[in-house]
Amino acid sequence: MVLCACIAACDEQKSHTAPAIYDRDSVSMMTSYGINTLISDSGVIKYKIVAERWDVNTVRKPSRWTFEKGIFMEQFDEQFHVEGYIQADTAWYYDQQKLWELRGRVLIRNVNGLVFRSEEFFWDGIRHEFYSHKFSRLVTPERTLEGTYFRSDEHMTHYEVTNSVGSFQSSDMEGDQDQSASKSSSAAPADSAAPAPPVRQAKTRHKAAQKSVYQP
């Protein structure tokens with residue numbers, strides 16, 4: 001009986017199969033190579049994208065475009081003039097949130113001579129602003145700023161850098177001193193001065209951080 005059981009066991013064949021893999025969330029709906037395309041917004045051409053590889057995945061949460069091999073993007077004004085360009089080692093665009101996330105060697109340059117460098121960069125298309133939580137370096141013809149937090153409008157005309165160090169032209173400091181002197185010399189006596197208007201307290205993102213704000 002034992003011999004018969006052994007023979008029967010030897011005759012049975014078992015298939016060793018792995019469980020099914022459901023990888024629909026990791027498969028791109030579209031993969032393109034050698035990209036050089038124009039992107040329009042409301043019927044107006046706004047951007048030019050150059051990339052080695054472009055993956056589009058609409059199943060992942062959130063859905064996204066992926067540029068694993070790097071990206072170069074130009075931005076145009078309404079007259080189709082180049083306003084600036086952005087390049088990075090890796091980029092993701094979350095289409096439903098209208099949010100760009102750039103990583104690696106991020107470089108931005110605009111027509112005003114402003115140059116921005118960082119290892120992280122976000123572009124919020126709903127709020128129309130740029131920001132970064134990594135060390136950033138901002139260079140303009142007039143000044144140089146460095147800090148660990150950066151926020152700006154899309155045109156980089158109003159920006160702030162916190163935890164910052166920087167260099168300024170001496171004329172900037174002299175102008176501030178002259179204005180302070182003129183204000184102090186023309187100030188009225190305390191008993192005849194009009195009451196000062198209420199000042200709204202500014203929101204502080206980092207209480208212990210030193211913040212530099214530039215608004216031309």
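Q: Which residue in strand 4 does Tyr47 stand opposite?
A: In this predicted model, Tyr47 stands opposite Gln75 in strand 4.

Q: What makes strand 2 and strand 4 count as paired?
A: Two strands pair if at least two bridges are found between them. Strand 2 and strand 4 (residues 71-76) have four bridges, so the condition of at least two is met. Their pairing runs in the antiparallel sense.

Q: How do you know that strand 1 and strand 2 pair?
A: The criterion is again at least two bridges. Strand 1 (residues 30-41) and strand 2 (residues 44-57) are joined over 11 bridges, in the antiparallel sense; therefore they pair by that criterion. Within strand 2, Ile45 has Ser40 opposite it.

Q: What lies between strand 1 and strand 2 in their hairpin?
A: Two residues lie between these strands, and Ser42 in the turn has a positive phi of about 55°.

Q: Why are strand 2 and strand 3 called paired?
A: Three bridges link strand 2 to strand 3 (residues 64-67) in the antiparallel sense, and the definition asks for at least two, so the strands pair. Asn57 stands opposite Arg64 in strand 3. These two strands also form a hairpin, with six residues between them.

Q: Why is Leu38 called partly exposed?
A: Leu38, found in strand 1, has a relative accessible area of 43%. Buried means under 20% and exposed means over 50%, so a value in between is called partly exposed.

Q: What makes up the nonpolar surface patch of about 260 Å²?
A: The patch is made by Leu38, Ile45 and Phe80. Leu38 has a relative accessible area of 43%, and patch residues need over 30%, so Leu38 meets that cut-off.

Conventions. Residues numbered from 1 in each chain as written. Predicted model: local features only at pLDDT ≥ 70, side-chain atom pairs only at ≥ 80, totals over all residues. Heavy atoms only, no water. Patch = residues over 30% accessible without salt bridge, like charges linked within 9 Å, V, L, I, M, F, W, Y side chains within 5 Å. Areas by Shrake-Rupley, 256 points an atom, 1.4 Å probe, with all protein chains shown as cover. Salt bridge = Lys/Arg side-chain N within 4 Å of Asp/Glu carboxyl O. Buried < 20%, exposed > 50% of the residue type's maximum accessible area, 1.4 Å probe, protein only.
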